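Me: I'd like a close look at one single part of this model. Please pick a spot, tell me what sits around it, and then work outwards so I can see how it fits in.

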Amino acid sequence: MKKILTLLSILVSMHAMAQQAFVANYDESKIAPFTLPNPLQKPDGTIIQSAKAWGNQRNYWLGKYEQMMFGKMPKKKIAQSYQLISQTDILQGKATQYVWKLTLAGIYDVTVLGVLPKVKTKVPVFIGLNFCGNQTTSNDPNIPLFEKYTVCNNKPAYINNKGQEESRGAWASRWQFEKLIAAGYGSITIACGDFEEDKPDGYLTGVRTLLAKELGLQADEWSANGAWAWGLNRTVDFLEKIPQIDAKRIILHGHSRLGKAAIWAGANDSRYAAVISNESGEGGAAISRRNYGENLWRITNSFPHWFYKDYKNYAYKENELPFDSHILLSLIAPRPLYIASAVGDQWSDPKGEFMGGQQAEPVYQLFGKSGLGKNEFPALNTPVGQHVRYHIREGNHDINAYDWDQYIDFANKLIK
Ligand code: GCU
């Protein structure tokens with residue numbers, strides 16, 4: 001018994017040392033050479049040649065990502081109902097703000113916020129999860145305070161990780177409702193924590209546990225990213241029923257960890273007209289094999305709940321994975337994809353994010369579309385690419401007015 005305890009304490013302290021010892025690599029010359037798998041290569045070694053053959057190949061990859069990285073995506077359909085909680089005129093009458101309660105499987109409620117331009121025709125919308133509660137996206141007092149756990153915890157806006165009155169509008173700059181409305185777009189958002197609180201035991205109070213029976217999946221068969229992505233896709237089921245919304249023009253976006261969830265959601269659900277990854281980094285758009293900035297080891301240690309439990313086994317063995325981020329991104333093809341980085345956010349590995357997008361090219365080409373093509377890594381604030389577009393802007397880890405100007409422009413050109 002004593003020996004076991006000593007061994008355990010050695011293991012615990014080794015783990016703690018390893019945590020402390022992590023030093024992110026920011027030196028391009030220290031990246032070990034690697035070869036990226038070909039998205040078009042079938043398990044039997046042959047290369048697919050047509051867009052028609054992509055359907056099966058895409059399913060093959062989805063299966064691999066389920067098995068190794070994000071866990072199973074629930075396939076069972078569940079009943080849904082919704083209720084309008086409030087409807088308010090905002091932005092000097094230019095928009096209507098809706099708060100809906102969406103009930104999943106008759107037992108699980110989430111709160112959806114919608115801001116839609118007041119026009120007579122159906123409108124395209126952007127949809128994305130928020131980190132710290134719907135009330136953080138705008139100052140409007142009609143938005144209910146999010147009552148579950150959030151990762152925000154700075155007083156006085158949040159106390160014990162719960163949003164207070166002072167948190168209203170705290171992240172409005174990340175949502176830019178005024179800009180979107182002026183451009184003719186609506187915006188839909190839900191707190192990620194409404195599907196699963198962002199902490200290692202968050203699954204206990206989220207859809208992975210409370211809907212386990214209805215979905216036919218145990219909590220440990222999938223992940224927080226899976227729960228967030230699934231939640232987004234269920235919200236699309238609901239948006240399809242809202243007459244003011246043009247369900248053929250729903251553009252999915254996500255920042256950072258929620259960018260990872262957005263990519264996984266968009267890979268699984270082809271109803272999104274386009275997908276936007278804003279600084280999604282490791283586990284998102286960035287090539288893991290580069291081991292630059294945050295890496296697979298670090299992310300699966302810091303945030304074990306984000307991924308399927310076995311994913312951590314590939315830490316420093318990224319070459320053994322049959323895929324990398326470019327294949328995940330290629331599952332969005334042929335739909336337009338925007339990948340954005342910030343120069344002050346090296347943790348997310350901007351060059352790795354660019355490479356992820358660029359290496360998805362063969363799949364876009366199958367559909368006769370060009371993505372990032374042969375573009376070089378661009379200068380600051382200079383978007384490049386067509387169906388796959390990329391920018392690196394000045395500034396830090398964030399999603400700001402500059403980013404939104406590019407996304408609106410991208411949507412105007414490719415979606416409207
Ligand atoms: C951490 C984490 C990233 C994540 C980011 C965020 O920095 O390491 O992987 O993208 O948080 O969500 O803001």
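Reply: Let's start with one term: a polar contact is a pair of N or O atoms within 3.5 Å, and inside the protein one of them must be able to donate a hydrogen and the other to accept it. Keep in mind that this is a predicted model.

Our spot is Q406, which you'll find in helix α12, residues 401–414. The side chain of Q406 reaches the backbone oxygen of Y402 at 3.1 Å. Is Q406 buried or exposed? Buried means under 20% relative accessible area, and Q406 has 13%, so it counts as buried.

Which residues does Q406 touch, leaving aside its neighbours within four places in sequence? There are three of them: Y338, P383 and H391. By its number, Y338 belongs to β10 (337–342), and H391 likewise falls in β11 (388–393).

Those two strands lead us to helix α10, because the buried residues of α10 pack against both β10 and β11, along with α9 (325–330) and α11 (361–366). Helix α10 runs over residues 350–358 and is mostly covered, with 7 of its 9 residues buried. The buried ones are P350, G352, E353, F354, G356, G357 and Q358.

Two loops around β10 are worth a stop. Between α9 and β10 sits P334, and the peptide bond leading from A333 to P334 is cis, with omega near 5 degrees. In the loop between β10 and α10 you'll meet D349. D349 isn't a glycine, yet it has a positive phi of about 60 degrees. Why do these two places stand out? Because most residues other than glycine have a negative phi, and most peptide bonds are trans. D349 is also buried, with a relative accessible area of just 2%.

Now for the ligand. The residues surrounding it are F131, S256, R257, K260, E294, I299, F303, W306, W347 and H397. Sorted by kind, this shell has 5 nonpolar, 2 polar and 3 charged residues. Three of these residues place a polar side-chain atom by an oxygen of the ligand: S256 at 2.6 Å, K260 at 2.9 Å and W347 at 2.9 Å. How much of the ligand's surface does the protein bury? Taken alone, the ligand exposes 320 Å², and the protein buries 83% of that.

Last, the nonpolar packing. In soluble globular proteins, nonpolar side chains tend to be buried together. Here the largest nonpolar core has 90 residues, and those with the most contacts inside it are Y65, I188, W228, W230, W264 and Y272. Helix α6 (residues 224–239) gives the largest share of this core, 9 residues. Another core, of 17 residues, lies apart from it, and among its members are A274, I399, I408 and A411. That brings us home: going by their numbers, I408 and A411 fall within helix α12, where we found Q406.

So the picture from our spot goes like this: Q406 is buried, its side chain reaches the backbone oxygen of Y402, and it is in contact with Y338, P383 and H391.

Terms used:
Residues are numbered from 1 along each chain as its sequence is written. This is a predicted model: local features need pLDDT of at least 70, side-chain atom pairs count only at pLDDT 80 or more; totals for chains, interfaces and linings use all residues. Side-chain values use heavy atoms; hydrogens and water are left out. A residue is near a molecule or strand if one of its heavy atoms lies within 4 Å of it. Accessible areas come from the Shrake-Rupley method with a 1.4 Å probe; for residues, only the protein chains shown count as cover. Ala, Val, Leu, Ile, Met, Phe, Trp, Tyr, Cys and Pro count as nonpolar, Asp, Glu, Lys and Arg as charged, and the others, Gly among them, as polar. A nonpolar core is a set of buried Ala, Val, Leu, Ile, Met, Phe, Trp, Tyr and Cys residues joined through side-chain atoms within 4.5 Å. Buried means under 20% relative accessible area, exposed over 50%, partly exposed in between (1.4 Å probe, protein chains only). Helices (H or I, at least four residues) and strands (E, at least two) are DSSP runs, numbered from the N terminus. Contact means heavy atoms within 4.5 Å.
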